[in-house]
Structure formats: structure tokens, C-alpha cells
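Work through the exercises below with the sequence and the 3D view open. Each task is followed by a solution in steps.

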Amino acid sequence: MIERLKRMMIKEFLQVLRDPRMLGVIFGVPLIQTLVFGYAVSTDVTDVPTAVVDRDRSPASRELVAAFTSSGHFRVVSAEGGMERAQAMLDDGSAGAVLRIDEGFAGDLEGGRTARVQLIVDGTDSNTARVVLVYANRITERFSGAVRAAPAGGVQLVHRAWFNENLESRNFFVPGIIAMLVMLVTVILTSMAVVREKEVGTIEQLLVSPITPAEFILGKTLPFAIIGYVDVLLVSLLGVFWFDVPIRGSVLLLLLATTFYLMTTLGIGLLISTACRTQQQALMMVFLVFFPFVLLSGFMFPIENMPRAVQYLTWVNPLRYFLVILRGIFLKGTGVEILWPQMAALLAMGAALLAAATLRFRKTSA
Amino acid sequence: MSDAIAVAGLGRRFGAFHAVRDVTFAVARGEIFGYLGANGAGKSTTIRILCGLLAPTAGRAAVAGVDVAADPEGVKRRIGYMSQKFSLYPDLTVEENLDFFGGAYGFAGRELRRRIDAVVEETDLRALRGAATQSLPAGLQQRVALANALLHDPELLFLDEPTAGVDPVSRREFLALVRRRVRRGATVFLTTHYMDEAEYCDRLCLIYRGELAALGTPEELKDRLMKEAVLEVRTGRPLEAAELLGGLPEVRGAALFGESVHAVVENPDEAVPRVRAALEAAGFPGALVERIPPSLEDVFVSLVEERDRREGEIREVRR
Ligand SMILES: Nc1ncnc2c1ncn2[C@@H]1O[C@H](COP(=O)(O)OP(=O)(O)OP(=O)(O)O)[C@@H](O)[C@H]1O
Ligand SMILES: [Mg+2]
């Protein structure tokens, strides 16, 4: 059993690593997608017109404002005037963001307490708003790090997106890319690997050997599960180190959730392969199911804004649950006590899909 | 424990279509049994049933004493199978293919190496162990596939058109390898539509549209036709000659054999001069007409034509 499984895995890896197209799917696509998404979302956001409401008027507060402007992402359009004026500017669009520093900012810093600043962004264009928040976070963190060198408290950015309250729950792109790519890569690899055996004719040779359906299924999923983990790692690292995406929650929980999610995607891949005879058919089928999964996941469009009937559909979408889990772990540092319903949903769907695939595989081979 | 394969009333339907119908035969141990038939005759369907890959819809089949419907896994362990489709991983090397399939049979470590060395030696593939399978010519690929099927020393070998698309020299080499295995005690069931391959078999079963049409040694099958005779007719225009001969009352059947035409006649002494005269009259001067011993292909053609005639008559009567 172990020997047979080992042989199957060695063989799958040999085949994948020898196929330049497959190598592209595994490593090229994730890297390129992450970079493209990362830059497509970020490059066009510079010089955000910013209204500053500085009520502290201290050297420290001026330094913070300078940190914002020197980053190149923010341009101060109004440094005088109170909150009302800033709000009015946000309303008529002459300002895209309001940076508010309350009295006591410098005092808090010196006293070793957490100093709060508030950033309000125009959320009508949620993508831009999201990126603006990423920048602001980065700037304040850096500022905070600089002042912390002296024995002082840090700065915490309290941000608020106006006009689009969903912004916070929708959040950043890296978790979405991880979920999307892992699905795409593992579903393609699994379905292709099985259909290729049918196309070439080796499936007959396998069926006549003592390999059991369970061994076959394991041999056809474990290698791609491993590749799935590698992709999660790859995109995460790129996100964390290149795009400064925080990872606040438990990495262990991330791996566990990935396992459950992979069960669903591998199950889908296997099911597709039982229904197709050629690799071309399989590829078409993959994209046929992939796009609805992505569109109905909350990755691009908030689920809350979908018609009710469509919202129900998203309940059977593994991508939806994994996105919630990823965003929770990456951005909010949420733990299993909050994410367990999503984890349970993925586990249940994964088990059901794999069971269905095993059953169908038995039938088609009989 | 007498017969290697025992088949009784075997049938397989796909929907309303009978791919195999009411086939009965037995194969003795140590025999090379040829299963002969045209495209779509039901050869692969039969072989897949016997290998436990496809459940029969009628009748019974036992392979090495194991019932294929009741215990297909038991059958699979005892047999080696070369499917009609290419059955190796083209992107892996010869060695990697053997490693994989050996592993599939549960062999590992030194045992696996020993077995691979043995079959590589047996099939004379030493120099090609590291070669990418897809880069090999068809004849060598078939040899690798055979090596694969021999890894676990099966008592029975099922070969589905093993030499299709392979040149005659490689085909002969391949058959010699099979023959050597048989001498070591294996039983072979092979399907083919090559007549020279069929001549090589100890016994033949002719299958026509899913049904058994004839069964016997190649000699028996030829003898059965001896009451008729085969005339070889050589002219410059074989196609037209075949058409003409087919229309003559004393000719039961005429078929093209390369450059010549074979005509089956009942009474050669009377038929030869009449055929000559008819050819002469139709403008084939100097045609060579000669009586020849029937080849298996003649048997095949005449059996099929006879069957078609019978079925035609049945259809006439029904109408
Ligand atoms: N799974 C299937 N479903 C429906 N029809 C099938 C199936 N498998 C085979 N057939 C039909 O059964 C008939 C016999 O097929 P089979 O493959 O046994 O022929 P064969 O003698 O091996 O022919 P060939 O020389 O082309 O390999 C064919 O008409 C084929 O179309
Ligand atoms: Mg066939």
C-alpha cells in the first residue's frame, strides 16, 4: 500500500516536473498573478489629495504629516480648518482622505501610551480606498517604529472608510489570490492527471494492476495537495514580503484550513476527470466551474450585495469559506473560535466531494 | 485446474448492441491462442472481460480457474495484459515505467530491481533503460510494454493486437519473445488481424460481428476449406479481374490479395479452363491461373462470405 502510493507519487511528480506547461501552471501563474494584481491595484494611487486636521500642533504631529507627504502617496490640499471643512471637502471630492490628529498625540507618544490618529478615506472607489489604507498603515507603522526607538509609545492608525461600509470586510487582494490560484492550480492538475491516463490509455494498465481505487485516488491527489501547499506558501511569502500584507493569525490554522480547502478542490478536479475523456474537455470544464466559483466568492463583489437567491448559491462555494478564513487569519488575526463554522463547512464539503469522486471512479472502472 | 481459460456462452451488450454474443471456447495451459477478427468484431471487448476490466452481461468466463465476474481482482493478480491502446507513460523513461508498474504490483527494493533486470534482459532492452519511451520506434515500445506485462511473472498473458502498426521484422522478434515465455509455462491469449501472426498460434478462434465463426488449429481451419480450392489469378489489372471473377457462376468468392486475385471454386479441374476462357474473352490476355494451397486469409474471407450469404438468405426469408 505505502510502496504503491510512493510509486504513484514519484511518477506524478516526474510527469509534472517534466512538463514545461505544468511548471508554468504551478509556479509561473501564481507569481505573475500576484504581481499583476499587486501592481494593478497599487500603481495608480499616488498624490491622494488629503485634508489634514491637526489639533495637536506639536513637532511630533508635524513629523507624522511629513511622513505621509514624503511617501509620495499623499498630497496635503488643506492644512487649516477643522473637521467640518474636511468633511465638506471629502463630500465634494476635492479631498480623497482626511488625516485627523487629536490633541494629546505628542503627549501620548512621550508618555509611552498608544497614540491614535484617524484616517478617513473616500470609499466610493473601494479598490483605491483599500490601497490608500494599506499605505497609511505602512507609513504609521514605520513612523511608530522610528519613535519606538526612543522609549515611547507607538502610533495606531484608526481608519474608517466612508460611503462604503463593506470595505473593511472585503479587504485585501492577497488572500483572494491565494484562494483563487490554489483552486485553479489543483483542479487543473488533478483533472488533467487522470484524464491524461485515459487519453494515453495507461488507465487500462493501472486498472488491471492490483492498485485499489483508494490508492489511485490518493496517488492522484496527494502530489497536487503538496503542490497546493507550495503555492499557498509562495503567494503568502510574496504577499508578506513584497506587498507588506500582514499575517496576524496562526500559520498553523492557515495550513489546517488549506488542507480542508484542498480536499474540496481536489474532489472537484477528480469529479471533472470522471466526466471527461480528453484533456481539452477537462480544461473547458475547469474554467466552466472556476468562474462561477470566483464570481460568487466575495472576492470581487461583496456577497451582501448579491440577490438573495444567488447568496444561497454561495453557500456551496468552498472559495467563499476559504476567503473568509484567509482574510480572518491574515488581516484580523482571527482564531479557530471564530472561524470554525467555515472550517467545518470546508471539511464537510471536502469529504463529500472526495467520497463522490471515489464512488464515481469505481463505477467508471467497472 | 485443467483449462487456463474456459468461456461458456459469453456475451456483452452495450445498450441494444451485442458486441460479443454467445461465445464458447477453452484454452489449454501452455497454448498460444489467437483471437482473430476484423475491426469492431469484439476482440477487445472479449479480452477486457477476460482481464476483469469489463463485466460480462451473459455467460461465464473463468481465467486460471477464477470466475471473472465473481472475483475480477483475483484474475488481475494472475495475468499480464497489454492493452490495444499504447499503455506506457510516454514522458517517462523505460526504467521509470518499469519502476512504476513494478511498484504498482507491490514490488520494492532489491526484489523490484531483480525483476526489472530480468525482464529487461529477456526482452533485450538493456541499452534503452534510460531512453524516453516516446522517442522509441513502435516496435521497441511494444517490447517495453511486454516487459511491463511480464514483471510479475503472470501465468497468463493477454495481448490485444500487440503488434499493430509494427514492421514485420519487429513483429517476428516480438512473437519469438512471446514464444519463449510460453516455453517457460505461460499461456497466451492474443488478438490480431494479421494472418502471419495468426499462423503463429497453436489454435485460432475466428470472431465475426461478436459471434464465434470458427475454432481450430490453423491446419484444421485450412483443411476445412480443402474441399474447395483457391485459384490465384495474376493479370495486369487485378481490380477489374476481381470484379469479373466475382460474377462467374463457378466462382464462390473472389478477393484481392495484393497484385493478384484469389478465387474460391468448388471443382478446380473444371473451373480452371473456364476461368481462363472467361478472362481471355473479357480482354485479359495471358492471365496466369494457378491452383494454390489456401492461406489463413483465404479461410477467413471464405468463412466471412459464407456467413454473409447465409445471413442474407435469412433476411430474404424474413422479408
Ligand atoms: N464501451 C462501449 N460502449 C459502446 N459500444 C462499445 C463499447 N466498447 C466497444 N463497443 C463496440 O463494440 C464493438 C466491438 O468493439 P471491440 O473494441 O471489442 O472491437 P475489436 O474487435 O477490438 O476491434 P478493433 O480491431 O478495432 O480493435 C464495436 O462496434 C464497438 O463500437
Ligand atoms: Mg480492439
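**Exercise 1. The ligand site**

Task: Find which side-chain atom of B:Glu161 lies by an oxygen atom of ligand 1, polar or nonpolar, and then describe the shell around the ligand.

Solution.
Step 1. A polar side-chain atom of B:Glu161 is 2.9 Å from an oxygen atom of ligand 1.
Step 2. Taken alone, ligand 1 exposes 640 Å², and the protein buries 61% of that. Accessible areas come from the Shrake-Rupley method with a 1.4 Å probe, and for residues only the protein chains shown count as cover.
Step 3. The model is predicted: local features need pLDDT of at least 70, side-chain atom pairs count only at pLDDT 80 or more, and totals for chains, interfaces and linings use all residues. Residues are numbered from 1 along each chain as its sequence is written, chains are lettered from A and ligands numbered from 1 in the order in which they are written, and side-chain values use heavy atoms, with hydrogens and water left out.
Step 4. Two backbone positions also face the ligand. A polar backbone atom of B:Gly42 is 2.9 Å from an oxygen atom of ligand 1, and for a polar backbone atom of B:Lys43 the distance to a ligand oxygen is 2.7 Å.
Step 5. In total 13 residues surround ligand 1, and the closest are B:Gly40, B:Lys43, B:Ser44, B:Thr45 and B:Gln84. A residue is counted as near when one of its heavy atoms lies within 4 Å.
Step 6. The shell divides into five nonpolar, six polar and two charged residues. Here Ala, Val, Leu, Ile, Met, Phe, Trp, Tyr, Cys and Pro count as nonpolar, Asp, Glu, Lys and Arg as charged, and the others, Gly among them, as polar.
Step 7. Strand 2 (17–28) and helix 1 (43–50) of chain B each supply at least two residues of the shell. Helix 1 of chain B gives the most, with three residues. Helices (H or I, at least four residues) and strands (E, at least two) are DSSP runs, numbered from the N terminus.

**Exercise 2. The backbone at B:Glu161**

Task: Where in chain B is B:Glu161 found, and is B:Glu161 buried or exposed?

Solution.
Step 1. B:Glu161 is in the loop between strand 7 (156–160) and helix 6 (168–183) of chain B.
Step 2. B:Glu161 counts as buried because its relative accessibility is 9%. Buried means under 20% relative accessible area, exposed over 50%, and partly exposed in between (1.4 Å probe, protein chains only).
Step 3. Phi of B:Glu161 is near 40°, a positive value in a residue other than glycine.
Step 4. B:Arg209, also not a glycine, has a positive phi of about 50°. This residue is in the loop between strand 9 (203–208) and strand 10 (211–216) of chain B.

**Exercise 3. Salt bridges**

Task: Which side chain meets that of B:Glu96 in a salt bridge?

Solution.
Step 1. The partner is A:Arg18, at 2.7 Å from N to O. The pair crosses between chains, from helix 3 (residues 94–104) of chain B to helix 1 of chain A. A salt bridge is a side-chain nitrogen of Lys or Arg within 4 Å of a carboxyl oxygen of Asp or Glu.
Step 2. B:Glu96 is buried, because its relative accessibility is 17%. A:Arg18 has 39%, so it is partly exposed.
Step 3. For a pair inside one helix, take A:Glu3 and A:Lys6, whose side chains meet in a salt bridge of 3.7 Å, N to O. Both lie in helix 1 (residues 2–18) of chain A, three residues apart, about one turn of the helix.
Step 4. B:Glu111, B:Arg114, B:Arg115, B:Glu122, B:Asp153, B:Arg181 and B:Arg184 are linked in a network of salt bridges. Over all chains the structure holds 41 salt bridges.

**Exercise 4. A surface patch**

Task: Which residues form a nonpolar patch on the surface with A:Phe291?

Solution.
Step 1. A:Leu283, A:Phe287, A:Leu295, A:Met300 and A:Phe301 join A:Phe291 in the patch, with about 520 Å² of accessible area together. Patches are made of residues with over 30% relative accessible area and no salt bridge: like charges are joined within 9 Å, nonpolar side chains (Val, Leu, Ile, Met, Phe, Trp, Tyr) within 5 Å.
Step 2. A:Phe291 is found in helix 12 (residues 279–295) of chain A. With a relative accessible area of 46%, A:Phe291 is partly exposed.

Terms used
Polar contact = N/O pair within 3.5 Å; in protein donor to acceptor, adjacent residues only side chain to side chain.
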